[in-house]
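Reader: I am new to this structure and would like a close look at a single part of it, followed by an account of how that part fits with the rest. Please take it slowly.

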Amino acid sequence: MLLGRVIGTVVPAVVYEGLKGWPLLLVQPLDAGGLSAGRTLVAADATRMAGPGDLVTYEGGREAALALEPNFVPVDHAIVGLVDHLHWPRAEVSP
Amino acid sequence: MILGRVAGEVVTTIAHPFYRGRTLLLVERTDPSFTPTGGYLIAVDAVGAGLGQHVLVLDEGNGARQVFASPDAPVRSVVVGIVDHANVHR
């Protein structure tokens, strides 16, 4: 898993079967310094509780698909947790 | 598997059911002399590792699911060892 900051939402007009009903959020990945790094990605929110501004943990690949019900829906990133406490002395990041 | 150093802890109270009650460690990737190489990952602790310790991290889903005997768990990274030291011979 990696850390990301939710920076927005995606409202789809049409989605493939298994993705119906799953919130889609824009996530900005964070690097080892706790800073924004890399391209923004779209992740399905397996917690159904995340929103803009939240610090989240997300998983990619096959594990992202496993986070959703039913399994193996067409998804490549999924939010699996909302960070409410983070102890990371070296990095400047907070929930 | 990869070598790393436990640099922090993450608490996610609202999470996928698999992660509830599990300890998440923030592990900075290192080289064999335990110098940080710039990356990090968040891994589930399976050995009781603590802050500052050098660890061995399994970063592959099938193996990770086997560790927790949970074939549907959305998990890929697990701390599976605490490293005393590593020797590089060349």
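How many bridges join E5(B) to E6(B), and in which sense do these strands run?

Author: In this predicted model, five bridges join E5(B) to E6(B), and the two strands run antiparallel. One of the residue pairs involves B:Asp59, whose bridge partner in E6(B) is B:Ser77. Strand E6 of chain B, which covers residues 77-82, also pairs with E4(B), here in the parallel sense and over two bridges. In that pairing B:Val44 stands opposite B:Val78 of E6(B). E6(B) therefore has E5(B) as an antiparallel partner and E4(B) as a parallel one, by the bridge criterion for pairing.

Within strand E5 of chain B, which spans residues 54-59, B:Val55 is a useful residue to follow. B:Val55 counts as buried because 23 C-beta neighbours lie inside 10 Å, and the cut-off for that class is 20 or more. Apart from its neighbours within four places in sequence, B:Val55 is in contact with B:Gly4, B:Val6, B:Val27, B:Ala49, B:Val79, B:Gly81, B:Ile82 and B:Val83. B:His16, by contrast, is 39 residues from B:Val55 in sequence, and their C-alpha atoms are 25 Å apart in space.

The strands just described belong to a chain that holds one helix and six strands, and from the N terminus on its elements run β-β-β-β-β-α-β. The radius of gyration of chain B is 13 Å, close to the 12 Å that the globule rule gives for 90 residues, so chain B is as compact as a globular protein of that length. Taken along the principal axes, its C-alpha atoms fill a box of roughly 45 × 25 × 20 Å. Buried residues make up 38% of the 90 residues of chain B. Of the contacts in chain B between residues at least 6 apart in sequence, 51% join residues that are at least 24 apart.

Two loop residues of chain B deserve a separate look for their backbone angles. B:Phe34, in the loop between E3 and E4 of chain B, has a phi near 65°, which is a positive value in a residue other than glycine. With 15 C-beta neighbours inside 10 Å, B:Phe34 counts as partly exposed. B:Ala69 lies in the loop between helix H1 (61-67) and E6 of chain B, and although B:Ala69 is not a glycine, its phi is positive, at about 45°. Because B:Ala69 has 7 C-beta neighbours inside 10 Å, it counts as exposed.

Chain B also touches chain A, in a contact that takes 25 residues from chain B and 27 residues from chain A. On the side of chain B that touches chain A, strand E1 (2-11), strand E2 (14-15), strand E3 (24-30) and strand E4 (36-45) each supply at least two residues. The residues of that side divide into 13 nonpolar, eight polar and four charged. Strand pairing crosses between the chains as well, since strand E6 of chain A, residues 85-87, is joined to E1(B) by three bridges, with the two strands antiparallel. There A:His85 stands opposite B:Val11 in E1(B).

The largest nonpolar core has 52 residues, and those that touch the most other members are A:Val56, A:Tyr58, A:Leu68, A:Ala78, A:Ile79, A:Val80 and B:Val27. B:Val27 is also one of the contacts of B:Val55. A:Val80, with its neighbours within four places in sequence left aside, is in contact with residues of chain A, including A:Met1, A:Ala46 and A:Tyr58, and with B:Ala15, B:His16, B:Tyr19 and B:Pro74.

Chain A itself has one helix and six strands, and read along the sequence it follows the pattern β-β-β-β-α-β-β. Its radius of gyration is 13 Å, which agrees with the value near 12 Å for a compact globule of 95 residues. Of the 95 residues of chain A, 42% count as buried. A:Pro70 lies in the loop between helix H1 (62-67) and strand E5 (77-82) of chain A, and the peptide bond from A:Glu69 to A:Pro70 is cis, with omega near 0°.

As for confidence, the mean pLDDT of chain B is 96, with 100% of its residues at 70 or more, and the model scores ipTM 0.89 and pTM 0.93.

Technical notes. Residues numbered from 1 in each chain as written. Chains lettered and ligands numbered in written order. Predicted model: local features only at pLDDT ≥ 70, side-chain atom pairs only at ≥ 80, totals over all residues. Contact = placed C-beta atoms within 7 Å. Helix = DSSP H or I, 4+ residues; strand = E, 2+ residues; numbered from the N terminus. Nonpolar A, V, L, I, M, F, W, Y, C, P; charged D, E, K, R; others polar. Buried ≥ 20, exposed ≤ 12 C-beta atoms within 10 Å, placed from the backbone. Rg over C-alpha atoms; globule rule 2.2 N^0.38 Å. Core = buried A, V, L, I, M, F, W, Y, C linked by C-beta atoms within 7 Å. pLDDT = per-residue confidence, 0-100.
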